[in-house]
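Dear colleague,

I am handing over the structure below, together with some notes on how its strands and one of its helices are arranged. Please read the notes with the coordinates open beside them.

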Amino acid sequence: MFVIEGGKPLNGRVRVSGAKNAALPIMAASIMADGPVTLRDVPDLVDVRTLADLLETLGVRSDRAVDGSLNLQVVDDSCIVADYELVRRMRASICVLGPLLARRRRAIVSLPGGCNIGDRPIDLHLKGLRALGVDIRVEHGYVIAEASRLRGTNIFLGGSFGSTVTGTCNVLAAAALAEGVTTIESAACEPEVADFGRFLNAMGARIEGLGTPFLRIEGVDQLSGAEHSIIPDRIEAATLLIAAAMTRGQVTVENVCPTHLSAVIEKLREIGVPLFIESQGEDATSLADIRVEPAERLTATVCSALAYPGLPTDVQAQFMSLLSLCEGNSVVTDKVFPDRFMHVPELVRLGAQIYREGPSAIVSGVVQLRGACVMASDLRASAALVLAGIAAKGHTVVRRIYHLDRGYDRLEERLNSLGANVRRVTDIVENVPDSLKLSHTTPSAAMFTSEPETISASFPTTGGDRRIRVDPPQSAGVEQPADSQIEKVDLSGTRPE
Ligand code: EPZ
């Protein structure tokens, strides 16, 4: 678990790692290579190690070179079973299905099942592969698939929730080694899918239209080994930018592709975060640094998580933490994973005011979050809780941070290098700070003493937004901080609208 002492503004420079969600399918595509593969900027994460373990069982040997690059080489191409025991550790393991069918023409891959963010079906993966001529049945929890021939065709890959990222990669892989031309409509446009396609092209595939919803693939007979650098992780970059904004810090996030983050940058600016793109080259896709300055005022907004180029669902939770500290009422909707709200009750434990309604949540900004013990439910929810913890007053304990380690490379070390105080400790009650422990017999008297609280409210009758201090009925003994900016209002008999 993490023990966080919050409340300090972050300060300094931090570099973004390679993208997990690009690295995973690209590593899986090494199954298709007739030669060694070298990948640079593969992050050192639990999910990457899990996929390396799975690839090992599929006859692909991998090792890290001294310079950090990952080398992968097929040593046995007879293995076709992706076992449940490995796949259940990481549902992204389904990304081996397309490469296995493309190269070995047969695959038995455990169905990944759902997870805390939703049901996550793979019907679109199977639809696309069937269209290419793959014979598929699902038995005993396994996808059993065989393709005596793969034939190019036209495939529409859109579903009720838009395009599919991993599904597009699986169908792309199979189409790359199919006979003839395949077109994919409603393909996922995420930068990670485009990076996957660029890697296949580096191996000798012929794919056009990467980064657009319409892909054209001319099948080839074989693919060679290749070298490739993974794109920077736009979700990690966004997480760090939000961390800086929440603590009102001054942070430069290095190794970012700003065009991959357009929706995030736009939304942060709308909220009031001063954000500057530095040292970007001529090319729109070239890398840059992004500097965040402390915001004077953060204001509420409407956030809808959508497929790329929309605001990513993978930053919805982190944005919700930030919006908890923005003046006014925000609305957050997730149109990709409408049930991805496990972080809501945990953020509420930290003092956030959030009301969930179906695929949306209404977040009423508070002036301050206050430390508490919370539980991570999934990767991005963990990140949201850590951000809330570093911005909150006092101690926060985030349990089950193994979720975080799946997708962030030592996040606590990076945050600490910026001045945060996050300690990784064993999850035992002795490690919970005393300030978060309540004795059963002698509850702290301080718990019953309300502190004055500042809220933001809109007063249409008197005009405009005002910041007011609400003094609790019995606040005797509580020191009132002097603040000329804050107006003292007697609310008895009135209700802010
Ligand atoms: C990828 O998952 C990412 N994972 C996820 O990142 C990310 O949240 C997601 O894309 C959306 O951007 C990897 O890249 C390894 P989808 P994926 O297929 O490919 C529905 C993280 O935190 N759908 O694009 O599994 C699906 O239920 C993770 O790093 C179908 O209906 O997502 C969802 O509503 C978590 N049928 C939507 O489409 C299908 O066959 C998008 O899912 C496939 C998907």
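To begin with the helix, and bearing in mind that this is a predicted model, helix H4, which covers residues 97-104, lies across strand E8 (106-110) and strand E10, and its direction makes an angle of about 165° with that of E8.

Both of these strands belong to an open sheet of four strands, in which the order is E7-E8-E10-E9 and the pairing is mixed. Strand E7 (81-82) and strand E9 (135-139) each have a single partner strand and stand at the edges, so one side of each is left without a neighbour in the sheet. The partner of E9 is strand E10 (residues 142-146), to which E9 is joined by five bridges in an antiparallel arrangement, and within this pair Glu-139 is found opposite Tyr-142 of E10.

There is also an open sheet of four strands with the order E5-E6-E4-E16, again with mixed pairing. Here the edges are taken by strand E5 (60-64) and strand E16 (227-229), and because each has a single partner strand, one side of each is left without a neighbour in the sheet. On average, and with direction ignored, neighbouring strands of this sheet are turned by 20° against each other. Strand E5 runs antiparallel to strand E6 (residues 70-74), with five bridges joining the two, and Arg-61 stands opposite Gln-73 in E6.

With kind regards

Definitions and conventions:
Residues numbered from 1 in each chain as written. Predicted model: local features only at pLDDT ≥ 70, side-chain atom pairs only at ≥ 80, totals over all residues. Pairing = 2+ DSSP bridges. Contact = placed C-beta atoms within 7 Å. Axes fitted to C-alpha atoms, helices over the stretch in contact; angles between N-to-C directions.
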